Amino acid sequence: VAELFPPALSELIRALQALPGVGPKSAQRAAFHLLERDREGMNRLAGSLERAATDIRHCERCRMFAVDRLCTLCANPGRNERELVVVESPADVAAIEAATSFHGRYFVLMGRLSPLDGIGPGQLGGHVLEARLGGEVEEVIVATGATVEGEATAHWIGELARLHGVRASRIAHGVPVGGDLEYVDGNTLARAFAGRRGVDESGG
Ligand SMILES: [Zn+2]
């Protein structure tokens, strides 16, 4: 089939499919929209994509997105080192910061255990997390989602904590099953956070 569109447009449509959940059809629709209705937004998007790809990396302590060696939360000396919340994604950090008065530290797995997708402890920064557990941490609060993978991940972290003699607790589940933390409303999240229990007592 001969190319119907100029190469630059075909390339844009292909590139847009890097976005999650965007197939050829919606990529094409987005490309047409940007070109036809929003050239300014298109320039902004191009600039921020380039800046983000160049500047943003993972915090060395918690794996959160950061520009410097440490993210803003890790660089903040005012937060306590005794409590460490482990979450699946940066969105969870934002949700907990907004809904609770938690003032400790975070560790962001950037995913959850999923052997079928080839995601094991190595992909989730297991060794970085272990290094944290060797420090001043007294309690690990596991705030992974209430999915099967989230539960398996919580179990793994509980084991790691035990290995390092650190207490591990799990946030209570007023959280809908299969729901990711970031979609849970603030009140529910605050209650789940306050009602955390030892990983052992949770009964799976
Ligand atoms: Zn950090």
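1. The four donor atoms around the zinc ion subtend angles of 104 to 118°, and the arrangement is therefore tetrahedral. For reference, the ideal angle for four tetrahedral donors at a metal is 109.5 degrees. The model is a predicted one, and the geometry described here and below should be read with that in mind. The donors to the zinc ion are the SG atoms of Cys59, Cys62, Cys71 and Cys74, at 2.3 Å.

2. Along the sequence, the residues that supply these donors follow the spacing C-x2-C-x8-C-x2-C. Cys62 sits in the loop between strand S1 (57–58) and strand S2 (65–66), whereas Cys74 belongs to helix H4 (residues 72–75), so that this pair ties together parts that are 12 residues apart in sequence. Cys62 counts as buried, at 2% relative accessibility, and Cys74 is likewise buried, with a relative accessible area of 8%.

3. The loop that holds Cys62 deserves a second look, for Arg63 is also placed in the loop between S1 and S2. Arg63 has a positive phi of about 70° although it is not a glycine; as a general matter, most residues other than glycine have a negative phi. Arg63 is buried, with a relative accessible area of 16%, which falls under the 20% cut-off for that class.

4. A positive phi also occurs at Met110, a residue other than glycine, where the value is near 60°. Met110 lies in the loop between S4 and helix H6 (126–133). With a relative accessible area of 26%, Met110 is partly exposed.

5. Gly125 is placed in the loop between S4 and H6 and, at 2% relative accessibility, counts as buried. Leaving aside residues up to four places away in sequence, Gly125 touches Arg63 and Phe107, and the first of these contacts leads back to the loop between S1 and S2, where Arg63 is found. The C-alpha atoms of Gly125 and Asn76, which are 49 residues apart along the chain, are separated by 22 Å.

6. Turning to the interior, the largest nonpolar core has 23 residues, of which Cys71, Val85, Ile96 and Ile171 touch the most other members. The elements that contribute two or more residues to this core are H4, strand S3 (83–87), helix H5 (90–99), strand S4 (105–108) and helix H8 (186–194). Cys71 thus appears in two roles, as a zinc donor through its SG atom and as a member of the core. In soluble globular proteins, nonpolar side chains tend to be buried together.

7. Ile171 may be followed further: apart from residues up to four places away in sequence, Ile171 touches Ile141, Val142, Ala143, Leu181, Leu189, Ala192, Phe193 and Arg196. A second, separate core of 19 residues includes Phe107, Leu109, Leu133 and Val166. Phe107, listed in that second core, is also one of the residues touched by Gly125.

8. Near the start of the chain, the buried residues of helix H1 (residues 7–16) are Leu9, Ser10, Ile13 and Leu16. Seen down the axis of H1, these buried residues fall within an arc of 130°, so they line one face of the helix. The buried residues of H1 pack against helix H2 (24–37), while the face of H1 turned away from its buried side carries the exposed residues Pro7, Ala8 and Arg14.

9. Thr147 is found in the loop between strand S5 (139–142) and helix H7 (148–163), and at 12% relative accessibility Thr147 counts as buried. The side chain of Thr147 makes a polar contact with the side chain of Arg112, at 3.2 Å, and also reaches the backbone nitrogen of Gly150, at 2.9 Å.

10. As for the overall picture, the protein has eight helices and seven strands, and its C-alpha atoms fill a box of roughly 65 × 35 × 35 Å, taken along the principal axes. Buried residues make up 40% of the 204 residues in the protein. Among contacts between residues at least 6 apart in sequence, 57% join residues at least 24 apart.

Key. Residues numbered from 1 in each chain as written. Predicted model: local features only at pLDDT ≥ 70, side-chain atom pairs only at ≥ 80, totals over all residues. Heavy atoms only, no water. Buried < 20%, exposed > 50% of the residue type's maximum accessible area, 1.4 Å probe, protein only. Helix = DSSP H or I, 4+ residues; strand = E, 2+ residues; numbered from the N terminus. Arc of directions from axis to C-beta. Contact = heavy atoms within 4.5 Å. Donors = N, O, S within 2.8 Å, 3.2 Å for Na, K, Ca; no water. Tetrahedral: all angles 85-135°; square planar, octahedral: opposite > 155°, others 65-115°. Core = buried A, V, L, I, M, F, W, Y, C linked by side-chain atoms within 4.5 Å. Polar contact = N/O pair within 3.5 Å; in protein donor to acceptor, adjacent residues only side chain to side chain.
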